[in-house]
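The following note sets out several points for a colleague's consideration. Please read them alongside the sequence and coordinates shown here.

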Amino acid sequence: VNGIDLNEPMATTIWSQDGVKLATLRVENRKPLKELSQIPKYVKEATLAIEDHRFYSHAGIDMKGTLRAVWANLSSNRSSQGGSTLTQQLVRNVKQFGVGKEKKLERKVREAFIALRLEQLYSKDDILLLYLNNIYYGRGAYGIEAGAQTFFGKSVANLTLNEAAMLAGMAQRPSDFSRSSQRQSAIERRNEVLAKMLEYGYVNDYAYNKAKNDPVKFIPRKPPNNFDFKAPYFVTYVLRQLFNKYGTDFVYSGLKVETTLNWNMQQWADQTIQKGLDRDAGIGANQGALVSLDNRTGYIRSEEHTSELQSHSDLV
């Protein structure tokens with residue numbers, strides 16, 4: 001735990017077949033706050049109400065909550081309930097801890113031990129701040145400040161109760177609740193957060209009803225513009241495949257993508273095309289293209305062109 005930078009984002013990287021990094025999708029939509037006092041009380045309370053209302057009374061593991069979840073899951077046919085504390089969720093969602101989200105006993109035990117250790121090393125306020133700075137809200141936004149700016153175009157300090165409850169609810173399934181097509185599901189989740197805040201005494205009836213009836217106004221999604229890559233046409237095609245098949249949130253989730261391109265062959269292709277253009281510049285040559293394929297598989301090993309070339313080979 002000591003020495004881990006929990007505010008350092010895990011970027012998705014794309015690699016050539018011979019081990020050269022072609023692209024880094026930098027997770028820049030992350031604006032960690034330095035003090036818990038920068039976050040309004042009702043924003044913190046919305047998170048605690050829906051995720052872990054006994055946060056300030058347990059030592060990292062909530063046995064009451066775990067037993068309650070087990071009983072609810074055994075006695076109900078509806079979707080399962082979780083018994084993890086906010087501290088356990090922090091451990092599970094920060095990749096630097098190396099715990100992940102697999103539903104295996106060994107992983108759960110490791111998660112519990114790290115959560116207990118975190119509670120020994122950090123104060124409750126520090127852990128809550130770490131959680132709010134690191135949890136993923138969708139649309140590439142990591143942390144409550146980035147989430148507030150991404151979805152509502154304002155700082156977390158200016159969020160309304162309605163907006164705070166909406167963001168708190170998104171953390172459970174950001175890929176679902178942040179989609180325009182799932183707006184009604186997001187509203188129902190917000191109402192669930194507000195109901196929990198009312199149940200635990202964080203808000204009164206007036207505030208609850210007002211927030212529940214406030215309209216949801218997400219700002220339009222802005223396209224990402226944070227690419228840094230080699231072999232740009234090839235990488236652009238790979239990204240197009242990834243975005244179409246898996247969606248933006250998954251692609252930005254710290255993946256390591258290995259492709260078929262060979263970087264040594266790619267450099268040769270670059271030089272060959274450039275030499276050809278230089279040689280024939282006198283007769284008006286200003287465009288060129290080269291694609292090298294593996295005869296056995298059809299995989300692209302190198303490509304170079306001065307105008308976009310469409311390919312239909314399997315790349316990843």
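1. The contact between helices α1 and α5 involves Lys44, Thr47, Leu48 and Glu51 on the α1 side, and Leu128, Tyr131 and Leu132 on the α5 side. Helix α1 spans residues 41–51 and helix α5 residues 124–134; their axes lie 12 Å apart and make an angle of about 90°. Angles of 65 to 115 degrees count as roughly perpendicular, and α1 and α5 are therefore roughly perpendicular to each other. It should be kept in mind throughout that this is a predicted model.

2. A second helix pair has another geometry, described in the usual terms: two packed helices are characterised by the angle between their axes and by the distance between the axes. For α9 and helix α10 (residues 205–213), the angle is about 175° and the axes are 10 Å apart. Because angles over 145 degrees count as roughly antiparallel, α9 is roughly antiparallel to α10. The α9 residues that make this contact are Arg190, Asn191, Leu194, Ala195 and Leu198, while α10 contributes Asp205, Tyr208, Ala211 and Lys212.

3. Helix α9 itself merits a separate remark. It comprises 17 residues, 183–199, and reaches 24 Å from its first C-alpha to its last, close to the 24 Å expected at 1.5 Å a residue. Its buried residues are Ala186, Ile187, Arg189, Arg190, Asn191, Val193, Leu194 and Met197. Of these, Arg190, Asn191 and Leu194 also take part in the contact with α10. After α9 comes Gly201, which has a positive phi, near 80°.

4. Is Asp294 buried or exposed? This residue is located in the loop that links β7 (289–293) to β8 (300–305). Its relative accessibility is 13%, and because buried means under 20%, Asp294 counts as buried. The side chain of Asp294 reaches the backbone nitrogen of Arg296 at 2.9 Å. When neighbours within four places in sequence are left aside, Asp294 is in contact with Tyr299 and Arg301.

5. Some totals for the whole chain complete the note. The protein chain contains 13 helices and 8 strands. It has 316 residues, of which 45% count as buried. About 17,300 Å² of the chain is exposed, with carbon and sulfur atoms supplying 49% of that area. Among contacts between residues at least 6 apart in sequence, 65% join residues at least 24 apart.

Technical notes
Residues are numbered from 1 along each chain as its sequence is written. This is a predicted model: local features need pLDDT of at least 70, side-chain atom pairs count only at pLDDT 80 or more; totals for chains, interfaces and linings use all residues. Side-chain values use heavy atoms; hydrogens and water are left out. Helices (H or I, at least four residues) and strands (E, at least two) are DSSP runs, numbered from the N terminus. Buried means under 20% relative accessible area, exposed over 50%, partly exposed in between (1.4 Å probe, protein chains only). Contact means heavy atoms within 4.5 Å. Accessible areas come from the Shrake-Rupley method with a 1.4 Å probe; for residues, only the protein chains shown count as cover. A polar contact is a pair of N or O atoms within 3.5 Å; within protein, one must be able to donate a hydrogen and the other to accept it, and residues adjacent in sequence count only if both atoms are side-chain atoms. The expected span of a helix is 1.5 Å times one less than its number of residues. Axes are lines fitted to C-alpha atoms, for helices over the stretch in contact, and angles run from 0 to 180 degrees between N-to-C directions. Angles under 35 degrees count as roughly parallel, over 145 as roughly antiparallel, 65 to 115 as roughly perpendicular and the rest as oblique.
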